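I opened a fresh page in my notebook for this protein. Here is what I pulled up on screen.

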Amino acid sequence: MTDILPISPEQADLRDAVGKVASRYGHKYFVDCATSHSEPTELYEELGAAGFLGVHLPEEYGGGGAGLTELCAVIEEVAAAGCPLLMMVIAPAICGSILAAHGSAELKRTWLPGLADGTRTMSFAITEPDAGSNTHALKTTARRDGGDYVISGTKYWISGADQADAILVVTRDGDAGSERDTPMSMFVVPAGAGGLSMQPIEAELVQPEKQFTVFFDQVRVPAAALVGEAGKGFRAVFAGLNPERVTAAAISNGISRYALERATRYARERAVWKTPIGAHQGVAHPLAECYIAVTQARLLTARAAELADQGDRSGEAVNLAKFAAAEASLKTLDQAIQVHGGNGLSREYGLADLWFLARMLRTAPTSREMVLNFVAQHSLGLPASY
C-alpha cells in the first residue's frame, strides 16, 4: 500500500527494513506482552539499536538526523506488522522532540541517546482529572524553593509511567494568576523520585503500555530538570504535541493496513458455496471504500509530517491527519471483523483485540470534537465555541 505515497527510495528502504524487523515479532508477540503485563523489550530495543526509534533526533545525540516523516514511516510499519506501540509515540516522538527543541545541553546529553537507541524510555504527563483538553486549567504546580523546584499535583491517563525511566511533566507555576494567563513549565522527573507514586487505571485496552494516575506529592527536582524557560513551557509543549498527533495518525494508519491485509487475504481464501467471499460486491465494495479512506489518511499524514519538518506549526494538517486516520482505522478494523464473520471475534485471527486501541485513538491524543472545533474556527473562520 505504499506505492501511492510520495516517498523517496531511501524512505522506501527504511519502511522495508522496519517492516522486516517488526514482522519477526508480529501480532501474537504484541498481544502476549499486553496480556502478560510485560514490556515488548526485545522488539523495542532492536528497533532502537537499528537506529529506527531515533531516526528524527539530532545526530550529535545518537539520532539519525532525519525528520518526522521518517519517524512516521517507522511507527506505521511497526503497527502494520500488528505491533502498535504507544511508547514509540510517547518517548521518541513527544519527549524526544521536546527535549531536542528546548532541553538544555545537559538534558540532551543525559536523555536523547537512550531515547534514540531504545535503552531508556520517558513518559509524558500533561492530562489531569479536571482539566481535560483545557491545558490552561492545569492544577499541578511547580514552586521554586532555593535551587530546586517542588512539584505537587495529579496527572491522569499517563501511558507507560511504570516502565519509564523518567516522566516529562507539565506544570503551572506555583504563584500563577488567572487561568488564561497561567505561566507553565516542564520538568524531567526521574522514576523513583521521592513523593512520586502511581495507581493503575483499569482499562479495556489490549496494549503493553498500561495507564496510570500519577501523584506528585511534594516531589523535589533540581533546577537543572527544567525544560526550556520557567513560565514558558506552554510554547515548548507544542514541540511535542504536533509530533504526537501526526505519529498517532501513523499508528492508526498501521492498524488500518494490518486489518485490511487480514481482511483481503481472508476474503480471497474463504469460500462459501465454492466461491471466494471476496468475489461478492457486498464484501468487496466495503473493503474498497476502506482502502480509499486509508489511502487518504496516509497521504494526509505524509503531508502533515512534511509540513512539520519544514517548520510549519499551524496545526491544521496535523489535526486533519489525526482525524482522518482515526476514523479510517475504526472503519477498516470494524469491516475486517465483519468480513471474518464469527471468526472476527476469535483471538486466533488477531483483530478484535485491537478495537479498543483503535477506538482510543479517536479520542486521544485529542478528541475528534476538538479537531472539529479547530477546523471550524481556524480553517473555516467560524466563531469560537469555547
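**Notebook: contacts, overall form, one helix**

I started with contacts, keeping in mind that this is a predicted model. Counting contacts between residues at least 6 apart in sequence, I got 74% that join residues at least 24 apart.

Next I listed the secondary structure and found 11 helices and 10 strands.

Then I checked the overall form. The C-alpha atoms fill a box of roughly 80 × 50 × 40 Å along the principal axes. The radius of gyration is 21 Å, and this agrees with a compact globule, because one with 386 residues would have a value near 21 Å.

How much of the protein is buried? I noted 51% of the 386 residues. The accessible surface comes to about 16,800 Å², and carbon and sulfur atoms own 51% of that surface.

I looked up charges too. There are 33 positive and 44 negative side chains, and the centres of the two sets lie 4 Å apart.

Last, I zoomed in on helix H10, which covers residues 355–363. Which of the residues in H10 are buried? I wrote down Leu357, Ala358, Met360 and Leu361. These four cover an arc of only 155° around the axis, so they sit on the same side of H10. I reminded myself of the rule behind this: an α-helix has 3.6 residues a turn, so residues three or four places apart point the same way.

What do the buried residues of H10 pack against? I found helix H2 (26–35), helix H7 (233–269) and helix H9 (316–339).

Definitions and conventions. Residues numbered from 1 in each chain as written. Predicted model: local features only at pLDDT ≥ 70, side-chain atom pairs only at ≥ 80, totals over all residues. Heavy atoms only, no water. Helix = DSSP H or I, 4+ residues; strand = E, 2+ residues; numbered from the N terminus. Rg over C-alpha atoms; globule rule 2.2 N^0.38 Å. Buried < 20%, exposed > 50% of the residue type's maximum accessible area, 1.4 Å probe, protein only. Contact = heavy atoms within 4.5 Å. Areas by Shrake-Rupley, 256 points an atom, 1.4 Å probe, with all protein chains shown as cover. Lys, Arg positive; Asp, Glu negative; His and termini not counted. Charge placed at Lys NZ, Arg CZ, Asp CG, Glu CD. Arc of directions from axis to C-beta.
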